[in-house]
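Q: Hi! Could you walk me through this structure in plain words? I'd like to start with a salt bridge.

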Amino acid sequence: MKVIHILVELKFSGAEIMYVDAANVFKNKGCELTVMATAQNIGEYAPYFERAGYKVIHWPFPRLKNYLARIRFYKNFYSFIVKEGYDVVHIHSLWAMWGLSLCARLAKKHSVFTFHNVYPSKALTHPYYIALRWTAKYLFNCKFHTISDSVYNHELGYYYNKTVKIYNWYGFDRFYPAEEHEKVTTREQLGIKPNDFVLISVGGCSNIKRHSEIIKALKIVEETIPNFLYLHLGTGTAEEEEMELAKKLGLYDKIKFCGNQHEVRKFLIASDVYLMPSRFEGIPITTIEAMACEIPAILYDVPGLRDFNSQGVNSILIPEDYKILADKIVYVYNNRADAHELASRGRHFVNEHFNMISNAAKIFDLYH
């Protein structure tokens, strides 16, 4: 079975990491894998796909105003999937859903679209997006897949769109709790003092991720926990703004802006608490990975993050308020035993629900 995945820029992001991690699962089931990047830049994660055995194609999608170029793109894509004998077109980008599922239908190929997040729309465009979903699903036979309870419920309640719910997964061979003394030696390698109270966030810098909420909370935390250190993993459009805020609040020396890191686990197991104050999520891979490493998590109570507490208290779920975030950081600092118990429940939860072998197998079944 030949499968082509359609993505935008290949970044250190959820979908990219998942499908690289699961490459061998799909290959063992007989899949020949291709990924197509459609942004102007192919993205720094492309080599990871190549090492995992994917054929990588960079085919930039024309801008909206260039209608003729878009028509040529669709025509060339149709010819390409016919000539190369692809069986499945797996689309991960909303802009591509309608046009590429039409191409797949005309070429008599299977198509799957994955909703990776909650996609709100304005009142005026709401009927338009309902129509796009309806035609892709019922006229072009595109199968719709959602990755979490929040995304499933959003599609069903907001767009009247029933989907197949298959949870995300994580690389269990890369993310697991620290072994005895491993936390100590890892901290030494990273230059972290033994008595530092280490907080971590992992993800792109944007107004959705809201790392600025963490930085503002830390100004309050500093009064109680002067020996904190914040590991900030990830880059993005808001990174410079976050750096400036850290300098303004006098916290820059207590924050390590680490950029994108390949060996994320070593930063996680060196940490005492994981933080995510996003506006909304689909279901964040980084949170799953942190919980798999048995790190206690403090999360904002928003779509995608509240899913982690859908079956019991597996994280500290709080209102969207950096002052409350500060209070809960101090709580974890003062209640290590409770935090450890919380982290153990979180690890059990993600191991049960976000298993790579079983969930990737369900995606494979969706291809038929």
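Q: Which side chains meet in a salt bridge at 3.8 Å, E294 and which other?
A: E294 meets R347, with 3.8 Å from N to O. A salt bridge here is a side-chain nitrogen of Lys or Arg within 4 Å of a carboxyl oxygen of Asp or Glu.

Q: Where do E294 and R347 lie?
A: E294 is in the loop between helix 12 (285–292) and strand 12 (297–300), while R347 is in helix 14 (residues 336–353), so the pair ties together parts that are 53 residues apart in sequence. Helices (H or I, at least four residues) and strands (E, at least two) are DSSP runs, numbered from the N terminus.

Q: What should I know about the model itself?
A: This is a predicted model, where local features need pLDDT of at least 70 and side-chain atom pairs count only at pLDDT 80 or more, while totals for chains, interfaces and linings use all residues. Residues are numbered from 1 along each chain as its sequence is written, and side-chain values use heavy atoms, leaving out hydrogens and water.

Q: Thanks! How many salt bridges are there in the whole structure?
A: A search finds 16. One of them joins the side chains of E32 and K2 (3.8 Å, N to O). E32 lies in strand 2 and K2 in strand 1, so this pair ties together parts that are 30 residues apart in sequence.

Q: Is K2 buried or exposed?
A: K2 is buried, with a relative accessible area of 16%. E32 counts as partly exposed, at 48% relative accessibility. The cut-offs are under 20% relative accessible area for buried, over 50% for exposed, and partly exposed in between (1.4 Å probe, protein chains only).

Q: And what about R265 and E182?
A: Both are buried, and their side chains meet in a salt bridge (2.8 Å, N to O).

Q: Let's switch to the sheet. In what order do the seven strands come?
A: They form an open sheet in the order 3-2-1-4-5-6-7, with parallel pairing. Strand 3 (55–58) and strand 7 (164–165) are at the edges with a single partner strand each, so one side of each has no neighbour in the sheet. Two strands pair if DSSP finds at least two bridges between them.

Q: What packs on the sheet?
A: Helix 4 (residues 67–84) does, touching strand 1 (2–7), strand 2 (32–37), strand 3 and strand 4 (88–91). The direction of helix 4 makes about 155 degrees with that of strand 1. Contact means heavy atoms within 4.5 Å. Axes are lines fitted to C-alpha atoms, for helices over the stretch in contact, and angles run from 0 to 180 degrees between N-to-C directions.

Q: How many bridges join strand 1 to strand 2?
A: Six, and the two strands run parallel. I6 stands opposite M36 in strand 2. On to strand 3: four bridges join strand 2 to strand 3, also in parallel, and T34 stands opposite K55.

Q: How much of strand 2 is buried?
A: Five of its six residues are buried, so to speak a mostly covered strand.

Q: One last topic: which side chain of opposite charge is nearest to E242?
A: R210 is, at 10 Å; E242 is buried yet has no salt bridge. For charge, Lys and Arg count as positive and Asp and Glu as negative, while His and the chain ends are not counted. E242 is found in helix 10 (residues 239–248).
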